[in-house]
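Visitor: Hello! I am new to reading structures, and I would like a close look at a single part. Could you show me the model?

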Amino acid sequence: MTKDKETSEIYITIKLEQSNVPQFSKESVKIKRISSSISPSNFIRLLRYANNAINPRNAINNKIVYDIQETLEHDPELFWFKSKGLVIATKHCSVLERNRVKISLYNPECADDLLKRQEGIMDGGHNAFAIAFYIANKLFDDLKKWKKWDDCKQFWTSKYDEILERFDEMGGDQAEAFRFSIPIEIISPADESDDTEYCDAISEICNARNNNAQLGQSAKDNQEGCYDYLKSILPADKYSIIWKPGQQEGNIHVEDVVSMAVIPLMFLQNIGNLDPGIGTLSKVSIYSQKGQCVKFFSKVLSDPKYCDKPKGSGKYILKSGLIKSALNMTEDIMKFFDLLYEKFPEMYNAAGGSFGRITDVEKKQNKNFLFKTRVDAPYKYSYGFFYPLLCGITELMKYDKKTDTINWRVNPASQDFKLEELDIKLFTGFFAMSQYNPNVIGKSASFYDAASVAYRSYVLKYHL
């Protein structure tokens with residue numbers, strides 16, 4: 001293993017069991033690949049530095065992992081036929097003598113996010129997870145099961161020297177337990193002096209390779225940088241958001257965050273300040289079609305009018321101050337969502353109703369706020385009851401032509417907004433017609449219209 005001081009990349013040499021001859025496409029794309037296999041000993045060395053940050057999902061311990069381990073345990077000689085193995089993305093792949101290759105991998109202690117996305121295990125994360133645990137379980141007594149990829153990497157890093165030592169003591173690749181071959185494919189630039197085409201295409205290749213597991217739109221968007229601005233304004237120390245499938249840490253789903261982020265984007269759409277080619281999104285979709293919200297967000301955050309995709313970067317970078325000003329409202333909307341969940345029962349009662357008597361409402365303390373910004377609520381009930389009121393806050397937004405930004409007339413999550421003075425009698429007056437069904441309320445345009453009326457009246461009342 002060697003390190004490049006200028007790029008902070010790590011270079012390792014692994015021996016392939018079959019040919020190390022590169023293959024090139026007939027279309028002359030400046031990308032090459034090598035298809036071969038490696039032994040367990042080379043896998044051990046590879047996993048020391050190969051991570052799966054480039055992969056749009058994280059490996060976790062599940063039935064897939066169990067089935068792979070069953071094959072390794074009972075039919076190791078068939079593993080090469082039954083498994084797709086690993087697909088490694090690397091910016092540098094040198095062909096050496098005796099079927100060896102020298103590849104680069106990012107240094108997790110030094111490399112920036114761009115490098116993380118361009119190198120590593122781009123497909124086969126569950127294979128790597130399963131093989132690693134199988135080997136470790138053979139070498140260490142009473143090994144605790146790993147739940148997630150980070151457990152695997154932490155063990156491999158901290159025990160690496162001991163893994164090698166125990167592996168050799170058992171007989172290495174010749175040991176009965178380790179007589180299996182691991183398919184491997186290595187994808188790299190055809191010309192190491194020009195990796196632009198590789199960098200531009202690697203995310204798309206990675207997403208396509210993972211399509212067999214129904215990779216979601218949000219995973220692809222995260223991979224391509226569409227959520228990077230949201231990540232910068234919603235810091236991890238405040239919000240534990242699950243940005244990536246398989247990510248174990250987190251209690252807020254990215255789809256929920258995105259559905260809040262598109263509300264100000266819909267405001268821009270409604271006032272004609274969003275590229276019409278992007279399409280439209282209705283307020284009802286915020287409640288009932290999170291997938292449509294994700295697609296709409298993706299179209300905005302990948303539109304050349306608002307975002308750049310520098311050649312060789314493989315990711316979108318938000319450049320529009322207008323879109324940034326809209327996304328800057330996301331945290332306020334998340335806070336307002338939780339505030340509404342706590343306060344809506346009081347608002348309903350103040351409007352002349354009896355919230356506790358509604359069939360779908362449970363009179364019990366509930367701490368399960370969607371965005372974890374508040375502590376306690378007196379009832380447990382469906383969000384559908386107040387989604388129209390949430391979406392109505394577009395009436396509290398205004399466009400500043402001079403700065404080409406949108407801002408709050410009054411921030412609904414601040415103390416300046418008097419939520420208790422929002423007149424929702426017209427809105428709640430329709431509840432009986434819906435038979436107090438939250439799904440009907442959340443999916444009916446008439447409720448959204450009534451909610452908008454309540455906010456417009458508030459704006460007029462306070463001359464906002």
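Visitor: Here is the part I would like to look at: is A451 buried or exposed, and why?

Guide: Happy to help! Please keep in mind that this is a predicted model. A451 is buried, because its relative accessibility is 0%, and buried means under 20% relative accessible area. To find A451 in the picture, look for helix α19, which covers residues 445-461. You can also use M347 as a landmark: A451 and M347 are 104 residues apart in sequence, while from C-alpha to C-alpha they are 13 Å apart in space.

For practice, let us carry the question of burial over to S320. With a relative accessible area of 11%, S320 also falls under the 20% cut-off, so S320 is buried. S320 sits in a loop, with β13 (317-318) on one side and α14 (321-327) on the other. Its side chain has a polar atom 3.3 Å from the backbone nitrogen of L322. A polar atom of the S320 side chain also lies 3.1 Å from the backbone nitrogen of I323.

Now for an example of the opposite word. D161 has 59% relative accessibility, and exposed means over 50%, so D161 counts as exposed. You will find D161 in helix α7, made of residues 160-169. Together with E165, D168 and E169, D161 forms a negative surface patch.

To return to your residue: A451, in helix α19, is buried.

Key. Residues numbered from 1 in each chain as written. Predicted model: local features only at pLDDT ≥ 70, side-chain atom pairs only at ≥ 80, totals over all residues. Heavy atoms only, no water. Patch = residues over 30% accessible without salt bridge, like charges linked within 9 Å, V, L, I, M, F, W, Y side chains within 5 Å. Areas by Shrake-Rupley, 256 points an atom, 1.4 Å probe, with all protein chains shown as cover. Salt bridge = Lys/Arg side-chain N within 4 Å of Asp/Glu carboxyl O. Lys, Arg positive; Asp, Glu negative; His and termini not counted. Charge placed at Lys NZ, Arg CZ, Asp CG, Glu CD. Helix = DSSP H or I, 4+ residues; strand = E, 2+ residues; numbered from the N terminus. Buried < 20%, exposed > 50% of the residue type's maximum accessible area, 1.4 Å probe, protein only. Polar contact = N/O pair within 3.5 Å; in protein donor to acceptor, adjacent residues only side chain to side chain.
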